[in-house]
Amino acid sequence: MIIATLAEASKYTPCSPSLEVGFDFLRRHDLAELPSGRHEIDGERVFAIVAREMGRGKADSPLEFHRRYLDIQYVVSGTEIIGWQPASRCRFPTGDFDSERDLGFFSDSPATWCVLKPGDFAIFFPEDAHAPLAATGPIHKIVVKVAV
């Protein structure tokens with residue numbers, strides 16, 4: 001997991017060649033006006049999901065994990081709280097992994113909670129179980145999915 005501001009993003013592009021493509025998308029001047037939903041960036045290798053949602057609170061935000069993509073979760077407005085736990089320490093999967101959606105869940109509790117403000121991002125790698133939307137107010141964020 002990495003947490004930083006978009007101004008610091010270039011430090012992390014050596015982690016994956018496609019991260020720079022994702023960060024370039026997040027630097028768009030019209031980011032706040034993009035409609036909700038999926039936005040193509042580089043086919044299935046890099047794409048973005050624009051979301052405007054209400055936070056669910058910590059108790060209703062389960063840990064999720066992915067195998068094919070890392071997430072760049074970027075906050076446009078509102079405050080986002082995301083739980084984190086190494087997936088290797090999670091012991092209680094909830095159902096089968098959905099390989100089509102690249103999504104699985106654990107009922108374990110996060111080891112820590114991260115607070116993200118507008119302009120902040122968090123990168124969650126496949127080894128990072130994370131519990132997004134754990135705040136309680138409105139959140140406008142963009143999740144950039146980068147194939148690993």
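**Notebook: loops, rings, pocket and charges**

**Entry 1. Asp102**

I began with Asp102 and located it in the loop between S6 and S7. The model I am reading is predicted. For orientation, I noted that strand S6 covers residues 80-86 and strand S7 covers 104-106. I then looked up the backbone of Asp102 and found a positive phi of about 55°, although the residue is not a glycine. I noted the general background here: most residues other than glycine have a negative phi. Is Asp102 buried or exposed? I read a relative accessibility of 1% for Asp102, so I entered it as buried, the limit being under 20%.

**Entry 2. Leu133**

I went on to Leu133, where phi is near 60°, again a positive value in a residue other than glycine. I placed Leu133 in the loop between strand S10, residues 128-131, and S11. Its relative accessible area is 6%, and I therefore recorded Leu133 as buried.

**Entry 3. Aromatic pairs around Phe65**

I searched the whole structure for aromatic pairs and obtained five. How are the rings of Phe65 and Phe97 placed? I found their centres 5.2 Å apart and their planes at 35°, so I entered the pair as tilted. The angle lies between the limits of 30 and 60 degrees that set off stacked and edge-to-face pairs. This pair joins distant parts of the chain, 32 residues apart: Phe65 belongs to strand S4 (residues 63-65), while Phe97 is in the loop between strand S6 and strand S7. I checked burial for the two residues, and both Phe65 and Phe97 are buried.

I then took up Phe65 with Phe106. The ring centres of Phe65 and Phe106 are 4.7 Å apart and the planes meet at 25°, so I recorded this pair as stacked, the limit being under 30 degrees. Here too distant parts of the chain are linked, with Phe65 in strand S4 and Phe106 in strand S7, 41 residues apart. For accessibility I wrote down 11% for Phe65, which is buried, and 9% for Phe106, which is also buried.

I noted one aromatic cluster as well, formed by Tyr12, Phe23 and Phe121.

**Entry 4. Charges over rings**

I looked for charged side chains over aromatic faces. The charged end of Arg67 sits over the ring of Phe97, 4.0 Å from its centre. Phe97 had already come up in my notes as the partner of Phe65 in the tilted pair. I also found Arg38 over the face of Phe47, at 3.7 Å from the ring centre.

**Entry 5. Salt bridges**

How many salt bridges does the structure hold? I counted eight. I returned first to Arg38, which forms a salt bridge with Glu44, the closest N and O atoms being 2.7 Å apart. Arg38 has 42% relative accessibility, and I therefore entered it as partly exposed. Arg38 thus appears twice in this notebook, over the face of Phe47 and in the salt bridge with Glu44.

I next read the bridge between Arg28 and Asp30, with the closest N and O atoms 2.8 Å apart. I recorded both as partly exposed, Arg28 at 34% relative accessible area and Asp30 at 22%. I also looked for shared partners, and Glu20, Asp24 and Arg27 are joined into one network by their salt bridges. Within that network, the side chains of Arg27 and Asp24 meet at 2.8 Å, N to O. Arg27 is partly exposed at 37% relative accessibility, and Asp24 is partly exposed at 43%.

**Entry 6. The largest pocket**

I closed with the largest pocket, which holds about 480 Å³ of space. Which residues lie nearest its centre? Of the 22 residues in the lining, I listed Ile49, Glu64, His66, Leu103 and Lys145 as nearest. I checked which elements give two or more residues to this lining, and they are strand S3 (46-54), strand S5 (69-77) and strand S11 (138-147). S3 gives the most, with four residues. I then sorted the lining by class and entered 12 charged, eight nonpolar and two polar residues.

Conventions
Residues numbered from 1 in each chain as written. Predicted model: local features only at pLDDT ≥ 70, side-chain atom pairs only at ≥ 80, totals over all residues. Heavy atoms only, no water. Phe/Tyr/Trp six-rings, centres within 6.5 Å; stacked < 30°, edge-to-face > 60°. Buried < 20%, exposed > 50% of the residue type's maximum accessible area, 1.4 Å probe, protein only. Lys NZ or Arg CZ within 6 Å of the ring centre and 35° of its normal. 1 Å grid on protein atoms, 1.4 Å probe; cavity = no way out; pocket = protein on both sides within 12 Å on 5 of 7 lines; lining within 4 Å. Points joined across faces, edges and corners; volume = space filled by probe spheres on them. Nonpolar A, V, L, I, M, F, W, Y, C, P; charged D, E, K, R; others polar. Salt bridge = Lys/Arg side-chain N within 4 Å of Asp/Glu carboxyl O.
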